[in-house]
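Thanks for making time. I'd like to walk through one chain with you, from the overall fold down to a single residue.

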Amino acid sequence: MIKNKAHNIRGSMKLVFDCYLKDNNLEPTCYSLEENELNPLTGYLTDTTGGSYGEYLKFLKKSLDILNDDEKDIDISSNSWGVNVFDTYVEIYFLYDENNENYKLKMNKFAFSSIINEWILFLQEKGFDTNPIQD
């Protein structure tokens, strides 16, 4: 495993960017050290939208631009995770179980933007901007 960066969110929760081998291909992942269950933030970050990593990075960059430009009513949801954007915070929720409070996360919008930016930089640093997604 290639350990990279840890980010503190939700108080003391640490988010780790990492890679692992799957069928002889390096795959990116991120996870919380404290939580073993499905986490809305890590779920959103690792939902590659079904295309290449290049397309996925374009999606993340566009989402980041929307957040940084304070645009309203523009959807930055992934395939499985919805994101409601408010003035100072975002709410991430699981699209297939929207009422389940365990699959919702409300966090500061600036922190969310910063983590997306760090995730993009991590993916680029590891060369995923040129690699296809492996099934």
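I'll take the fold, then one helix, then the sheet, then one residue.

First, a caution: this is a predicted model. Every value I quote is computed.

The fold. The protein chain has three helices and six strands. Along the sequence, they come as β-β-β-α-α-β-β-β-α. The protein chain has 135 residues, and 41% of them are buried. Now contacts with a separation of 6 or more. Of these, 48% link residues 24 or more positions apart. As for the surface, about 7500 Å² is exposed. Carbon and sulfur atoms supply 44% of that area.

Next, helix H2, residues 53–68. Does its length add up, and why? H2 has 16 residues, and at 1.5 Å a residue it should span 22 Å. The C-alpha atoms at its ends are 22 Å apart, so the expected and modelled spans agree.

Which residues of H2 are buried? The list is Tyr 53, Tyr 56, Leu 57, Phe 59, Leu 60, Ser 63, Leu 64, Ile 66 and Leu 67. Look at the spacing with this in mind. An α-helix has 3.6 residues a turn, so residues three or four places apart point the same way.

What do those buried residues pack against? Two helices are partners: H1 (40–46) and H3 (109–125). Three strands are too: S3 (25–32), S4 (81–85) and S5 (89–94). Just after H2 comes Asp 70, with a positive phi of about 55°.

Two of those strands take us to the sheet. S4, S5 and S6 form an open sheet, in that order, with antiparallel pairing. S4 and S6 (104–108) are the edge strands, each pairing on one side only. Neighbouring strands here are turned by 20° against each other on average, ignoring direction. Between S4 and S5 there are five bridges. One pairs Gly 82 with Tyr 93 in S5. H3 lies across S4, S5 and S6. Against S6, H3 runs at about 95°.

Last, a single residue: Thr 42, in helix H1. Is Thr 42 buried or exposed? The cut-off for buried is under 20% relative accessible area. Thr 42 has 9%, so it counts as buried. What is Thr 42 in contact with, leaving aside neighbours within four places in sequence? Leu 15, Cys 30, Tyr 31 and Ser 32. Val 16 is 26 residues from Thr 42 in sequence. In space, their C-alpha atoms are 9.4 Å apart.

That's the tour.

Definitions and conventions:
Residues are numbered from 1 along each chain as its sequence is written. This is a predicted model: local features need pLDDT of at least 70, side-chain atom pairs count only at pLDDT 80 or more; totals for chains, interfaces and linings use all residues. Side-chain values use heavy atoms; hydrogens and water are left out. Helices (H or I, at least four residues) and strands (E, at least two) are DSSP runs, numbered from the N terminus. The expected span of a helix is 1.5 Å times one less than its number of residues. Buried means under 20% relative accessible area, exposed over 50%, partly exposed in between (1.4 Å probe, protein chains only). Contact means heavy atoms within 4.5 Å. Accessible areas come from the Shrake-Rupley method with a 1.4 Å probe; for residues, only the protein chains shown count as cover. Two strands pair if DSSP finds at least two bridges between them. Axes are lines fitted to C-alpha atoms, for helices over the stretch in contact, and angles run from 0 to 180 degrees between N-to-C directions.
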